[in-house]
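User: I would like to go through the helix packing and the voids of this model, with the reasoning behind each label. Please show the structure to begin with.

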Amino acid sequence: MILIKKIKKQFGKLKVLNRVDLSFEKGQCIALIGPNACGKTTLIKCILGMVLPDSGEIMFNGVSIQNDDQYRTHIGYMPQIGRYPDNMTVGQIIETMKSIRKYKGDFDERLLEDFKLNEMFDKRMRTLSGGTTQKVSACLAFLFNPDVLILDEPTAGLDPLASEVLKAKIILEKEKGKLILITSHLLSELDDLVTQIVFMHEGKVHFHLAVNDLLQQTGELKISAAIAHVLRAKEKNQTGTLRNS
C-alpha cells in the first residue's frame, strides 16, 4: 500500500533521513519508534506530502505521491499537537472539515460520541484543555473512514479513560484491515495495538520486525523490554542479533 524507496532528507548539514526503505501493507498496525530527532516525524511528513524529500520515492497504491495529490483523501492524520482557530467552536471545526473534504460516504462519528464531544459543540477551541483538543484531533482523523491512519503520539495529553477509548478504536480499525502507523514514546501502550515495529536511529531504519519476531529474537515478553534489550545491545555494539523481516 505504501512503499518508501531510498528516501533522503537533509536540513542544512543535518541528515534527517538517510536512504530509508520501508513497505507498509493493509491490515498492519505499525509503531514508528526511536529516540528524539531520529527522523520518524520527518518520515511521516514526507508520507503526508508536508515535507518534500531530497531524493527517493514514495508510492501509494502503486502511484508516486508526487503525481497524485488525491491520495491524501485516503489518509486520516492525528498530529501530536493540533492547532485550530481559537474563536471557532468544536462543532464549527467538525462541520468545516466536512465541508472542505466533500466526503460522500458515511461519517465515522463513534469517537465523537465516546468522547462526548457532541455535548461540547458550542465550546470555543481556546477554552479547551490540551487533552480535549487531542480528542478533537482524534475524531477528525477517523471521521472520514480513511484506509490509512497516521497517529503521532495519539495518547499524549489524554487521561487514562480517554486513552483506553482511543486504543479500543485503533484495535477496531486494525481488525477492519486498515493500515495504521503510530509514533509513541509510551512503549507500554503498544503491546495490545501493534503488529510490527520500525525502530529508527540517526535517520536510518535500524530494524523493521513483526512484534512476535522482535520478542522471540530478544527473549522478552513485552515491547518495552524488547526495545530496552535492543538499546543495551547497541551500546555494546552487538546490533547484528536482529534479523529484519
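Analyst: What follows takes two helix pairs, then a pocket and a cavity, in a model that is predicted.

User: Why are H2 and H4 called roughly parallel to each other?

Analyst: Helix H2 (residues 90-101) and helix H4 (residues 130-143) pack at an angle of about 25°. Angles under 35 degrees count as roughly parallel, and H2 and H4 are therefore given that label. Their axes are 11 Å apart, and H2 passes H4 in a right-handed crossing.

User: Which residues in H2 and H4 meet?

Analyst: On the H2 side they are Val90, Ile93, Ile94, Met97 and Lys98, and on the H4 side Val136, Leu140 and Leu143. This contact has seven nonpolar residues, no polar ones and one charged.

User: What makes H6 oblique to H7?

Analyst: The axes of helix H6 (residues 211-218) and helix H7 (residues 223-235) cross at roughly 55°. Roughly parallel needs an angle under 35 degrees, and roughly perpendicular begins at 65. The angle of roughly 55° fits neither range, and H6 is therefore oblique to H7. The two axes come within 9 Å, and the crossing of H6 past H7 is left-handed.

User: What residues form the contact of H6 with H7, and how do they divide by class?

Analyst: Val211, Leu214, Leu215 and Thr218 in H6 meet Ile223, Ala226, Ile227, His229 and Val230 in H7. The division is seven nonpolar, two polar and no charged. Thr218 and His229 count as polar because neither is on the nonpolar or the charged list.

User: Where does the largest pocket lie, and what lines it?

Analyst: The largest pocket has 14 lining residues, and Gly76, Tyr77, Pro79, Met97 and Arg101 lie nearest its centre. Strand S6 (75-78), H2 and H4 each supply at least two residues of that lining. The volume of the pocket is about 420 Å³. By class, its lining holds ten nonpolar, two polar and two charged residues.

User: How many cavities of 30 Å³ or more does a search of the whole structure find?

Analyst: The search finds two. The second largest cavity has a volume of about 40 Å³, which is above the 30 Å³ cut-off.

User: What makes the lining of the second largest cavity four nonpolar, two polar and one charged?

Analyst: Its lining residues are Pro154, Thr155, Ile182, Ser184, Glu189, Leu190 and Leu193. Pro, Ile and Leu count as nonpolar and Glu as charged, while Thr and Ser fall among the others, which count as polar. The lining therefore has four nonpolar, two polar and one charged residues.

Methods: Residues are numbered from 1 along each chain as its sequence is written. This is a predicted model: local features need pLDDT of at least 70, side-chain atom pairs count only at pLDDT 80 or more; totals for chains, interfaces and linings use all residues. Side-chain values use heavy atoms; hydrogens and water are left out. Axes are lines fitted to C-alpha atoms, for helices over the stretch in contact, and angles run from 0 to 180 degrees between N-to-C directions. Helices (H or I, at least four residues) and strands (E, at least two) are DSSP runs, numbered from the N terminus. Angles under 35 degrees count as roughly parallel, over 145 as roughly antiparallel, 65 to 115 as roughly perpendicular and the rest as oblique. A crossing is left-handed if the near helix is turned anticlockwise from the far one by less than a right angle, and right-handed if clockwise. Contact means heavy atoms within 4.5 Å. On a 1 Å grid over the protein atoms alone, a cavity is a set of points where a 1.4 Å probe fits but cannot get out, and a pocket is an open set with protein on both sides within 12 Å along at least five of seven lines; lining residues have an atom within 4 Å of a point. Grid points are joined across faces, edges and corners, and a volume is the space filled by probe spheres set on the points.
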